[in-house]
Amino acid sequence: MNIFEEVKSQTNLKDVISFYGIEVKHNMFCCPFHNEKHPSASIKHDYFKCFACGVSGDAISFVSKYFGLSSLDACKKLIEDFNLPISLKASSNPIERMRVKEEARKRQIELTKRKRLERERKQAIYILADYHRQLHQLSFNNLEADSQAIIQAEMKRVASILDDLENLKDDNELDNYLDVIKEEIGKKVIEWCN
Ligand SMILES: [Zn+2]
């Protein structure tokens with residue numbers, strides 16, 4: 001891997017954009033390369049594209065455009081700002097080389113975990129939203145007051161879980177939370193949705 005590939009494999013575009021103070025919500029953000037109040041830029045597979053002004057690229061080109069740096073200097077900035085275990089010169093010390101490699105490996109595991117969590121979060125939101133929709137439809141049926149109350153309470157509970165899922169930022173918190181959801185209501189929701 002060259003330095004560009006190494007930097008890209010160890011960064012996450014969403015984190016990079018957020019790190020430099022731009023709010024990213026649902027993979028959308030306000031494009032800093034033209035003047036706008038409503039987000040036109042979106043992130044997909046670690047690439048961004050602005051649908052208003054057409055600018056696009058990866059984490060390195062983002063930093064390069066945003067700070068007016070060359071691609072190499074953008075890489076150096078990312079290495080420094082994110083404390084990436086990448087040395088610009090391959091070290092001749094084998095222990096040092098091993099340490100760098102080990103750190104890169106750990107970071108890769110961490111990134112894979114985060115991607116899995118994001119995927120699971122989206123899946124959970126999708127299933128719960130479907131469940132909520134079905135409860136909502138059911139609430140229009142001519143049901144007894146008791147059943148209506150149960151449905152309303154369940155809808156409220158699901159809505160608050162959905163809210164938490166949208167807003168949990170910390171990965172460990174999200175990890176535990178997804179486990180709780182699977183344990184607690186997973187089975188029930190799956191029965192419902194089938
Ligand atoms: Zn733009």
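Biologist: Which residue in strand 4 does Ser 42 stand opposite?

Modeller: Ser 42 stands opposite Lys 49. Before we go on, this is a predicted model, so local features need pLDDT of at least 70 and side-chain atom pairs count only at pLDDT 80 or more, while totals for chains, interfaces and linings use all residues. Residues are numbered from 1 along each chain as its sequence is written.

Biologist: How many helices and strands does the chain have?

Modeller: Helices (H or I, at least four residues) and strands (E, at least two) are DSSP runs, numbered from the N terminus. Here there are seven helices and five strands. From the N terminus on, their order is α-α-β-β-β-β-β-α-α-α-α-α.

Biologist: What order do the strands take in the sheet?

Modeller: Two strands pair if DSSP finds at least two bridges between them. The five strands form an open sheet with the order 1-2-3-4-5 and antiparallel pairing. Strand 1 (24–25) and strand 5 (56–57) are the edge strands, each pairing on one side only.

Biologist: How many bridges join strand 3 to strand 4?

Modeller: Four bridges join these antiparallel strands. Strand 3 and strand 4 form a hairpin with two residues between them, and in the turn His 45 has a positive phi of about 45°. Strand 2 (residues 28–29) pairs with strand 1 over two bridges, and two bridges also join strand 2 to strand 3 (residues 41–44). You can follow Phe 29 across: Phe 29 is the bridge partner of Val 24, and Ala 41 in strand 3 is the bridge partner of Phe 29.

Biologist: Now a helix. Which residues of helix 4 are buried?

Modeller: A general idea helps: an α-helix has 3.6 residues a turn, so residues three or four places apart point the same way. A residue is buried if 20 or more other C-beta atoms, placed from the backbone, lie within 10 Å of its own. In helix 4 (residues 71–81), Ala 74, Cys 75 and Leu 78 are buried. They cover an arc (of the directions from the helix axis to the C-beta atoms) of only 100° around the axis, which puts them on the same side of helix 4.

Biologist: What do those buried residues pack against?

Modeller: They pack against helix 1 (3–9), helix 2 (13–19) and helix 3 (59–67). Contact here is between C-beta atoms, placed from the backbone, that lie within 7 Å. Not counting residues up to four places away in sequence, Leu 78 touches seven residues, including Val 7, Val 16 and Ile 60.

Biologist: Which elements supply the largest nonpolar core?

Modeller: A nonpolar core is a set of buried Ala, Val, Leu, Ile, Met, Phe, Trp, Tyr and Cys residues joined through C-beta atoms within 7 Å. The largest has 17 residues, and among those touching the most other members are Leu 13, Phe 62 and Leu 78. Helix 2, strand 4 (47–50), helix 3 and helix 4 each supply at least two residues. Helix 3 gives the most, with four.

Biologist: What about the whole chain: which domains is it divided into?

Modeller: Domain bounds come from an automatic or database domain assignment. The chain is divided into domain 1 (3–89) and domain 2 (112–193). Their centres, taken over C-alpha atoms, are 32 Å apart. The C-alpha trace spans about 75 × 45 × 25 Å along its principal axes, and 13% of the 194 residues count as buried.

Key
Buried ≥ 20, exposed ≤ 12 C-beta atoms within 10 Å, placed from the backbone. Contact = placed C-beta atoms within 7 Å.
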